[in-house]
Amino acid sequence: MKLRDIQKIINAKVLTGEKYLDNVIKTAFACDLMSDALTFKEDKTLLLTGLVNPHIIRTAEMMDISAVVFVRGKEPDEETIKLAKEIGIVVMTTENILFTCSGILFMNGIKGAELARR
Amino acid sequence: MHVDNMLFTFEKGARKIQLSYVIAKNDFSKAGTVASNIKKTLRKLGISSDIIKRVAVASYETEMNVIIHSHGGKMYLRIDLEKITIIAEDEGPGIEDVEMAMKEGYSTATSQIRELGFGAGMGLPNIKRCADDFEINSSLGNSTIIKVVFNL
């Protein structure tokens with residue numbers, strides 16, 4: 001599913017990365033712990049989180065995650081947006097809570113990201 | 001973070017690169033810049049994306065550990081033809097029980113660190129998972145030295 005369509009179904013506002021909205025998302029990972037986010041296998045993955053700080057963007061950068069959604073109406077600070085812009089990561093925010101957001105995406109065919117195992 | 005030293009040598013076609021980085025205690029504003037620099041360096045060298053991701057995650061976890069748990073330290077990136085090596089050496093205070101520190105979910109991080117999304121007790125096990133070879137040397141009152149190897 002294109003990020004553009006995801007934005008519509010979860011009723012999100014795009015804060016940066018408008019030009020990447022045609023990127024396709026297949027899986028999602030939802031968590032507030034960055035150490036958890038660092039353990040899954042990236043596969044066109046969207047990161048949903050209620051935690052708002054620049055470390056989220058750094059984590060996304062390390063994982064090659066192309067888009068981050070901040071839930072329950074959280075708005076990141078300028079530093080976070082600036083870093084996302086610099087790296088080229090889409091950042092959205094939605095009023096929906098994490099559970100609702102995940103449910104909507106799941107019902108629309110987005111699967112949970114798998115844990116990386118070696 | 002700043003790149004402390006760069007050493008590029010090419011002897012008879014054999015590639016050897018070493019970069020070192022200085023990391024300050026509790027410097028959360030620069031957290032991730034070392035791992036980001038390492039990732040970009042590997043990308044420029046044309047290393048495969050699977051290896052880059054493993055090195056990036058392990059470097060990021062290592063860098064966060066130095067920032068969160070140590071009095072500051074250094075990280076090194078070494079690249080030769082066979083492998084990539086990440087080394088972190090801090091200025092203490094050392095780990096009391098290394099075996100416990102390696103357990104998933106065990107952490108000594110403060111609630112302030114947890115609020116930032118870290119300190120879940122997944123760092124060291126995650127570094128080990130990403131690596132082809134992992135060594136940790138530490139004891140209370142001494143430096144912690146971590147060596148992470150990725151075969152090319």
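**Exercise 1. Determine how α2 and α5 of chain B pack against each other.**

*Solution.* Step 1: α2(B) and α5(B) pack at an angle of about 155 degrees, and their axes are 9 Å apart. Helices (H or I, at least four residues) and strands (E, at least two) are DSSP runs, numbered from the N terminus. Axes are lines fitted to C-alpha atoms, for helices over the stretch in contact, and angles run from 0 to 180 degrees between N-to-C directions. The model is predicted: local features need pLDDT of at least 70, side-chain atom pairs count only at pLDDT 80 or more, and totals for chains, interfaces and linings use all residues. Residues are numbered from 1 along each chain as its sequence is written, while chains are lettered from A and ligands numbered from 1 in the order in which they are written.

Step 2: α2(B) and α5(B) are therefore roughly antiparallel to each other (angles under 35 degrees count as roughly parallel, over 145 as roughly antiparallel, 65 to 115 as roughly perpendicular and the rest as oblique).

Step 3: The residues in contact (C-beta atoms, placed from the backbone, within 7 Å) include B:R54, B:V57 and B:A58 of α2(B) and B:G123 and B:N126 of α5(B).

**Exercise 2. Describe the side of chain B that touches chain A.**

*Solution.* Step 1: In this interface, 18 residues of chain B are in contact with 16 residues of chain A.

Step 2: At least two residues of this side come from each of α1 (33-44), α2 (49-69) and α5 (123-130) of chain B. The largest share, 5 residues, belongs to α2(B).

**Exercise 3. Establish the strand order of the sheet in chain A, and follow its pairings.**

*Solution.* Step 1: The open sheet has 6 strands in the order β1-β5-β4-β3-β2-β6, with mixed pairing. Two strands pair if DSSP finds at least two bridges between them.

Step 2: β1 (12-16) and β6 (111-112) of chain A are the edge strands, each pairing on one side only.

Step 3: β1(A) runs antiparallel to β5 (residues 90-94) of chain A, and 4 bridges join them. Here A:K13 stands opposite A:T93.

Step 4: β2(A) is joined to β3(A) by 4 bridges in a parallel arrangement; β2(A) also pairs with β6(A) in the parallel sense, over 2 bridges.

Step 5: A:A28 has A:L46 as its bridge partner in β3(A), and A:A28 stands opposite A:G112 in β6(A).

Terms used
Contact = placed C-beta atoms within 7 Å.
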